[in-house]
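Student: I would like a close look at one single part of this chain. Please pick a spot and tell me how it is placed, then work outwards from there.

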Amino acid sequence: MQLSAFRLAESYRINDGVHSTTPHQVNAPMPIRNLIAVLIAICLPAVSFASSLPDGPYVSTSASAVHRVDPDYAVIDLDFRTVQATAEAAREQANAAQKRLLAVLEGYEDALRDTKLESLRFGREYEYDRQQQKNVEAGFFGQFAFRIEISDLDRLSRLHFELAAMDWNSLGEPRFEVSDTESARDAAREKALERATAQARGL
């Protein structure tokens, strides 16, 4: 299976803030990974570049900058849920699903950045009975949520394909992330500050 590439599109701008990006899927193959853009918008008073000015109205200038970086890992979130007649059966099904998942991930041990079991729950299942007009017991459930981070993006497509062949309540599309977001913000902020400074000096 060949995953589609993701284009990170600009969504909004705030003063002295970080540009928020939202992934939009496009019908393009994934050999070239799209860049993650960080936008910084800075408002800079022009008066800050003068040694001493009398009281009075001043003007300010603003500038924005985009710093693009390659994503260095991807995240896949998945959820499993089963409802069985007994609590023991629900637990067995959830445990079996975890074992199948770990068996798949063993083949990607050197490609993974991190894995995490984010939640694990068991309990009674209820459903609404229209005739009785109330919730009635319908068995027992077992469920868990799991997060996978993969740093070898060349193997991402294959891993997602193998996971898609298994029985999940939900399997999310991969989303690309950057480890060092602070450096990306600093680089974008520096570019925006340079532009705002140049504009203020020209006023």
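Tutor: Start with R155. In this predicted model, R155 is partly exposed because its relative accessible area is 25%, between the 20% that marks buried and the 50% that marks exposed. R155 sits in the loop between β8 and α2. Look at what surrounds R155. Leaving out residues up to four places away in sequence, R155 touches G107, Y108, D110, A111 and I150. With G107 there is a polar link: its backbone oxygen lies 2.9 Å from a polar atom of the R155 side chain. Now take L112. L112 and R155 are 43 residues apart along the chain, and their C-alpha atoms are separated by 9.7 Å.

Step back into β8, the strand that precedes this loop. Strand β8 covers residues 134-150 and pairs with β6, residues 73-84, in the antiparallel sense. That pairing has 11 bridges. One of the pairs to find is F80 and F144, which are bridge partners. Strand β8 also runs antiparallel to β7, residues 112-129, and 16 bridges join these two. There, T115 stands opposite I148. Strands β7 and β8 form a hairpin with four residues between them. In that turn, Q133 has a positive phi of about 55 degrees.

R147 lies in β8 too. Compare its cover with that of R155. R147 is buried because its relative accessible area is 19%, under the 20% cut-off. R155, at 25%, is partly exposed. The side chains of R147 and E149 make a polar contact of 2.9 Å. A rule helps you read any strand: side chains alternate between the two faces of the sheet when the strand is regular. Beyond its sequence neighbours within four places, R147 is in contact with V75, I76, D77, D114, T115, K116, E118 and R175.

Next, follow the nonpolar residues. The largest nonpolar core has 23 residues, and among those with the most contacts inside it are F144, I148 and L159. Elements β6, α1, β8 and α2 each give two or more residues to this core. The largest share, five residues, comes from α1, which spans residues 87-106. In general, nonpolar side chains tend to be buried together in soluble globular proteins.

L159 is a good residue to click on. L159 lies within the span of α2, residues 156-164. Setting aside residues up to four places away in sequence, L159 touches I76, V104, L105, Y108, L112, I148 and I150. Y108 and I150 also appear in the contact list of R155, and I76 appears in that of R147.

Now widen the view. The chain has three helices and 10 strands. Along the sequence, six strands come before the first helix in the pattern β-β-β-β-β-β-α-β-β-α-β-β-α. The last helix, α3, has 21 residues, 181-201, and reaches 30 Å from its first C-alpha to its last, close to the 30 Å expected. The buried residues of α3 include A184, A188, A192, A196 and A200. An α-helix has 3.6 residues a turn, so residues three or four places apart point the same way.

Finish with the whole chain. Of its 203 residues, 35% are buried. Among contacts with a separation of 6 or more, 70% join residues 24 or more positions apart. The accessible surface comes to about 12500 Å², and 45% of that belongs to carbon and sulfur atoms.

Definitions and conventions
Residues numbered from 1 in each chain as written. Predicted model: local features only at pLDDT ≥ 70, side-chain atom pairs only at ≥ 80, totals over all residues. Heavy atoms only, no water. Pairing = 2+ DSSP bridges. Expected span 1.5 Å × (residues − 1). Buried < 20%, exposed > 50% of the residue type's maximum accessible area, 1.4 Å probe, protein only. Core = buried A, V, L, I, M, F, W, Y, C linked by side-chain atoms within 4.5 Å. Contact = heavy atoms within 4.5 Å. Areas by Shrake-Rupley, 256 points an atom, 1.4 Å probe, with all protein chains shown as cover. Polar contact = N/O pair within 3.5 Å; in protein donor to acceptor, adjacent residues only side chain to side chain.
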